[in-house]
Amino acid sequence: MKNDILRHLRYGLGKDAAHSSTYDWRMALSRALRDRMVDHWIPSTQAAYKSKSKRVYYLSMEFLIGRLVEDMASNLGLVDEARAALSDLGQDYDLIVKDEPDAALGNGGLGRLAACFMDSLATLGIPAMGYGIRYEHGLFEQDFVEGQQVERPETWLQQDHIWEFERPEVEYRITFGGHVEHHHDKAHWHPGETVLATAYDTPVIGWKGRWGNTLRLWAAQPVKVFDLASFNRGDYLSASRSEALARTICRVLYPDDTTETGKELRLKQEYFFTSASIQDLIRRFMSDGGDIRNLPDAAAIQLNDTHPAIAGPELIRLLVDDHGLKMDEAMALARRCLGYTNHTLLPEALERWPEWLFGRVLPRHLEIVREIEDDHQRRFPGSPRILEHGNVCMGELAFIMAHKVNGVSALHTELVKQTVFADLHKLHPQRIVNETNGITQRRWLKTCNPALSTLITGQIGDGWITDLDELAKLKPLSGDAQFKDAFMAAKRSNKERLSNWVKAEMGIDIDPAAMFDVQIKRIHEYKRQHMNILETIALWNEMKARPDAGWTPRVKIFGGKAAPGYYVAKEIIHLINDVAATINNDPVTKDLLKVVYPPNYNVTMAEMLIPAADLSEQISTAGKEASGTGNMKFALNGALTIGTLDGANVEIREHVGAENFFLFGLTADEVMERRTHPGYARAAIDASPRMQRIFGQIVEGRFSPQDPSRYHGLVGTFYDSDYFLVTCDFDSYYDTQRRADEAFKNERNWAAMALTNTASMGFFSSDRTIKGYAKDIWHVGPRPDVAEAAE
Ligand code: CBF
């Protein structure tokens, strides 16, 4: 390893050790690791080709992979070797790992889930390819200026992305616009614009390097670099028109996963990567000499949300227009290949494209969508339409074109059946299945929490790394005082690490003995960060009034970005920062309560915050969070959840036991019922002196003295509509928080509850989730050689 690092430093980077920066060392280490990855990757790829194994193709607009050095070193079992080699060279492994920027190619849960799935697919030895977009700028960087969110472009690609291999020979034409002509029953699409999709491959190596898959990200290139004739005429703008289109397509990740933005460009992005992926998988299949009619035996295509839902019409187009299949045959064949995962019930997130726009960008696909709709109506008269009120409804399209549709938690799947797809579910009662989300324990325990994972391995061995159910062996230890002390010592060391970081980054002193209460996720009204900050104000009021009443000291930690165009979410951020500024400067409560909101929350920050958390805030309005995966990461790392019966909270509570979970709030059914009562918010506020006081303080400018009316609008929404029922759940949330305070005082008992959480999380491994998809949807198994090696 040492020699390899030095060789890469010299020949890869042109540096000698004496003049190398941290960046140079990181690049050299990464190259040394990458060589070893390739030694696992190429044989896996060859084996998959040779055995003609069925492959999974996971199409996702987002892969939130974060940093890779440590992940790769860990999966290859090389962390100790890398650390030792660098130390011999006078370098600090931890510093070098921290130098890596986060690959922020995703917004939140959906993108991070895709990254966990890639890890599990490789670990389980399921031949798979992830397909996505190589965005030039990942999710924006967040800064706070006077408490308000400011967005700056993210620039991860300004540095060499060392893990990827460019594949200039893998290139597809992606066309847009123009018109379609029909001659002799054959469609001819004459497009108006063309870009090229070229591939960049990143190896994804599973545990112990037993199997390797590929994450293939597409970049757009102009068909010709520029038009020399126009350039020579002095018309520089038209000379570089095709270059501009290509650059725009891959330029930014849309900073929002719940609303439609930049409609036309987003539609082009979606079609761009989906078409390239479908063309690529067909080419791979045909190069094996296969008959296209057998494609479903070789390819399981999973649509991660509706973003790649154009895959159905695109596959049909290629089958009919290029391979000469009949339309109905192509539809049936496409359906056998496609699966669709629904990740949300929020109506604004179910994509709908105006028909005129869709037809302008993808005229041939609009014809095919009409055929799909006619076919479905013929077979199921009166069924829900794909084309409705002048829109192309991508949810309905994805549903109709998939042989299986899945929700991401038990509750969410039931609600999918009862609400968004109720009518389609009646017609296709076998189609919807549940695959509760999961997380990879290799990243979210092994790598991010060395203190706890070392303790666990010392006690029960390392089988849990590939079989998370093994954690159940820890359950009997909830009565073992010595083990519980060790468990809490690991937590304490993570809390100290976080406290030091907060002091260094934000200048705020926080006491590691206090309860660390953490809410990290995108800022959204349904996730109810505003309820959390209102509760913080209420607690502060009580603490100030009776500072000696034996309070449990708390540190409230927030993290998360708001979509740039989401005004209310940005106001919530501002309020949290204003409240933090007031509370953190209060001498009366300085040892009792702190509010910490570090800017630019990302995967790397999560890896530090989660191991240090005592309490995990999962407080969404019931029925709104499809699953959540942060909730799983916290519980796995020994935090207790305060939460509603929403998403995967329901299943987490079942697994860890009701006594180890702080439950509050209305259920999904009660939420729906409550909304039928006009004035429910006012009634709740009228019944709660605590809420009246807090709203009064905010309106008077207690937290924004220089601008007292700053939050009048925000407070007004609680009185007028409060669609997410903060007011209805507030008092029960406050009381439950006080129960958590009491529980935290009994250290031994808290340790037992925390340990039981960790020990009960076996079900929530993404290995289990992937096995579910493999059995219920993809009909693929792990490669026998990999399964045997894992035994
Ligand atoms: O299923 C993964 C996650 O997806 C979302 O983030 C999404 O983008 N729709 C949901 O909001 C999460 O509940 C879910 O865990």
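Two residues count as in contact when their C-beta atoms, placed from the backbone, lie within 7 Å. Keep that in mind for the helix pair further down. What you have here is a predicted model, and the domain assignment splits the protein into three pieces: domain 1 (1-51 + 68-101), domain 2 (52-67 + 102-142 + 151-435 + 776-790) and domain 3 (479-667 + 732-766). The ligand lies between domain 2 and domain 3, because both of them give residues to the shell around it.

**Domains and ligand**
- Measure from centre to centre over C-alpha atoms, and domain 1 and domain 3 are 36 Å apart.
- There are 15 residues around the ligand, and the ones that come nearest are Gly-109, Leu-110, His-343, Ala-626 and Ser-627.
- By residue type, that shell has nine polar, four nonpolar and two charged members.

**A helix pair: H12 and H15**
- Helix H12 (residues 311-322) packs on helix H15 (residues 363-379) with the axes 9 Å apart and an angle of about 100° between them.
- Angles of 65 to 115 degrees count as roughly perpendicular, and H12 and H15 therefore fall into that class.
- On the H12 side, the contact uses Gly-312, Pro-313, Glu-314, Ile-316 and Arg-317.
- H15 answers with Arg-364, His-365, Ile-368, Val-369 and Ile-372.
- Sorted by type, the residues of this contact come out as five nonpolar, three charged and two polar.

**The parallel sheet**
- Six strands make up an open sheet with parallel pairing, in the order E21-E20-E19-E22-E23-E24.
- Strand E21 (593-596) and strand E24 (662-663) sit at the edges with a single partner strand each, so one side of each has no neighbour in the sheet.
- Inside the sheet, strand E22 (residues 615-618) runs parallel to strand E23 (residues 640-643), and four bridges join the two.
- Look for Ser-616 there: Thr-641 in E23 stands opposite.
- Helix H23 (residues 567-584) lies across strand E20 (554-559) and E21, and the helix runs at about 145° to E21.

**Antiparallel strands: E7, E10 and E11**
- Strand E7 (residues 165-176) pairs with strand E10 (residues 193-205) in the antiparallel sense, using nine bridges.
- Phe-176 has Glu-193 in E10 as its bridge partner.
- E10 also pairs with strand E11 (residues 212-222), again antiparallel, over 11 bridges.
- For Tyr-200, the bridge partner in E11 is Leu-217.
- The hairpin of E10 and E11 has six residues between the strands, and Lys-208 takes a positive phi near 60° in this hairpin.

Notes: Residues numbered from 1 in each chain as written. Predicted model: local features only at pLDDT ≥ 70, side-chain atom pairs only at ≥ 80, totals over all residues. Near = placed C-beta within 6 Å. Nonpolar A, V, L, I, M, F, W, Y, C, P; charged D, E, K, R; others polar. Domains from an automatic or database assignment. Pairing = 2+ DSSP bridges. Axes fitted to C-alpha atoms, helices over the stretch in contact; angles between N-to-C directions. Parallel < 35°, antiparallel > 145°, perpendicular 65-115°, else oblique.
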